[in-house]
Amino acid sequence: MTAPGRTEVLPVIRVRDLAMAYGDVDVLRGVELDVHRGEVFALLGPNGAGKTTTVEILEGFRKRSGGEVSVLGTDPERAGEAWRARIGLVLQSWRDHRRWRVAELLTHFADYYPDPRDPAELLSLVGLTEQAGHQVDRLSGGQRRRLDVALGIIGRPELLFLDEPTTGFDPQARHEFHVLVERLARDEGVTVLLTTHDLAEAERLADRIAMLVGGRIRACGTPAELARRAAAQAEVRWTSDDGTPRRERTAAPSQLVWELHRHAAGPIADLEVRRPTLEDTYLHMVHRPADGEGGGDGAEGMDTDARHDVGQQVPAT
Ligand SMILES: Nc1ncnc2c1ncn2[C@@H]1O[C@H](COP(=O)(O)OP(=O)(O)OP(=O)(O)O)[C@@H](O)[C@H]1O
């Protein structure tokens, strides 16, 4: 029974034991995911890990080999037009609309949806107002990607899939895109599933991050939880009395700093403690031995959904 004041809310995306084989090659081997309403969820993993395959299955563009998938309460393999109107897509490959003018293209796509955004407002939102009358094939790579984003959100989707959305963006465009995604999630409650190789982007945008490695979710949680899970070590840097730059990796940086002070004759030069970054965590997770080669679960501090993935964990060393 549900506790008073709490209603049982189904995740927007629920994936259980998802399997996908291309021919005799197993790409996904039991993926488990829950993504909740209003959450920005990043799927990370090395090239060829199966991120796009997973996203295409969730979007209903690819038939899975096995497992259960529910997106907005429906199995994407059996979903119809009404379901499709509730999701937005920003795909990796550019759809060919080269001869259209930007504003015309948006107006054309707006007609497919029951409650579309105003094309002029949307152009302003993605920073393409000046290009409204330009032909699509005159846009730069980054401007085309902004148009992709505009097309992805024109129908006011409840769920937005962003497959490597900022590839080719300059830093300013990337920043503006991040602000836009934050606004969509925070102000409009849009759920976002993002794949990216840009770890800073994942860290900035994502409430939770899942790492897809070896066909399974190897870890899932907030960036801080993942760092804890990886037992990634902090780095302490300082300059010793004889002027030699020193650096040491440790799980207990304050202990090391205290020891340094205890033995130092005076202030410690250039003392710096660098916490583990998402990149440290990512590299650690990706290069860790595969399932079954270790023991323990390291579940400390993980939320319920993340704990779901704990069976696939092995310890840091
Ligand atoms: N249509 C297909 N037929 C056969 N193999 C495929 C097909 N699509 C993808 N693959 C293979 O499946 C694996 C996963 O590909 P996928 O594109 O899902 O990975 P990804 O994690 O999105 O990679 P990237 O980060 O490089 O975009 C790769 O080895 C790829 O070569």
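Is glutamine 255 buried or exposed? I looked this up first, bearing in mind that the model is predicted. Glutamine 255 has 11 other C-beta atoms within 10 Å, so I entered this residue as exposed; the cut-off for that class is 12 or fewer. I located glutamine 255 in helix α9, which covers residues 253–263. I then took the separation from histidine 36, which lies 219 residues away along the chain. The C-alpha atoms of the two residues are 39 Å apart.

**Entry: overall layout**

I recorded 11 helices and 12 strands for the protein. Of its 317 residues, 36% count as buried. I also looked at contacts between residues at least 6 apart in sequence, and 65% of these join residues at least 24 apart. The assignment gives domain 1 as 13–86 + 157–223 and domain 2 as 233–275. Taken over C-alpha atoms, the centres of domain 1 and domain 2 are separated by 40 Å.

**Entry: strand β1 and its partners**

I next examined strand β1, residues 13–22. With strand β4 (residues 66–71), β1 pairs in the antiparallel sense over five bridges. With strand β2 (residues 25–35), the pairing of β1 is again antiparallel and runs over eight bridges. Which residues are the bridge partners of arginine 14? I found serine 70 in β4 and aspartate 34 in β2. β1 and β2 form a hairpin with two residues between them. In that turn, glycine 23 has a positive phi of about 60 degrees.

I noted a further positive phi within β1, at aspartate 17. The value is about 55 degrees, although this residue is not a glycine. Aspartate 17 has 13 C-beta neighbours inside 10 Å and therefore counts as partly exposed.

**Entry: arginine 156**

I checked arginine 156 for its backbone angle as well. Its phi is near 50 degrees, a positive value in a residue other than glycine. Arginine 156 is found in the loop between α5 (141–153) and β6 (159–163). I counted this residue as partly exposed because it has 16 C-beta neighbours inside 10 Å.

**Entry: strand β8 and its surroundings**

Why is strand β8 described as largely enclosed by the rest of the structure? I went through residues 208–213 and found that six of the six are buried, so the description follows. In a regular strand the side chains alternate between the two faces of the sheet. I therefore listed the two sides of β8 separately, given that a residue with 20 or more other C-beta atoms within 10 Å is buried. Arg208, Ala210 and Leu212 on one side are buried, and so are Ile209, Met211 and Val213 on the other. Both faces of β8 are thus covered.

I then followed the pairing of β8. Strand β3 (residues 40–44) runs parallel to β8, and four bridges join them. Phenylalanine 41 has arginine 208 in β8 as its bridge partner. Strand β9 (residues 216–221) runs antiparallel to β8, and five bridges join these two. Among the bridge partners, I noted alanine 219 in β9 for methionine 211 and cysteine 220 in β9 for alanine 210. β8 and β9 form a hairpin with two residues between them, and glycine 214 in the turn has a positive phi of about 60 degrees. I also checked the cover of β9: six of its six residues are buried.

**Entry: the largest nonpolar core**

Which residues of the largest nonpolar core touch the most other members? Of its 65 residues, I listed Ala42, Ala150, Val192, Leu193, Leu194 and Met211. I took valine 192 for a closer look. Leaving out residues up to four places away in sequence, valine 192 touches Val40, Phe41, Leu160, Leu162, Val181, Leu184 and Ala185. One of these, Phe41, has already appeared as the bridge partner of arginine 208.

**Entry: the shell around the ligand**

I closed with the residues around the ligand. They are Tyr22, Val27, Gly45, Asn47, Gly48, Ala49, Gly50, Lys51, Thr52 and Thr53. By character, I divided this shell into three nonpolar, six polar and one charged. Which element supplies the largest share of the shell? Helix α1 (residues 51–59) does, with three residues.

Key. Residues numbered from 1 in each chain as written. Predicted model: local features only at pLDDT ≥ 70, side-chain atom pairs only at ≥ 80, totals over all residues. Pairing = 2+ DSSP bridges. Domains from an automatic or database assignment. Near = placed C-beta within 6 Å. Nonpolar A, V, L, I, M, F, W, Y, C, P; charged D, E, K, R; others polar. Core = buried A, V, L, I, M, F, W, Y, C linked by C-beta atoms within 7 Å. Contact = placed C-beta atoms within 7 Å.
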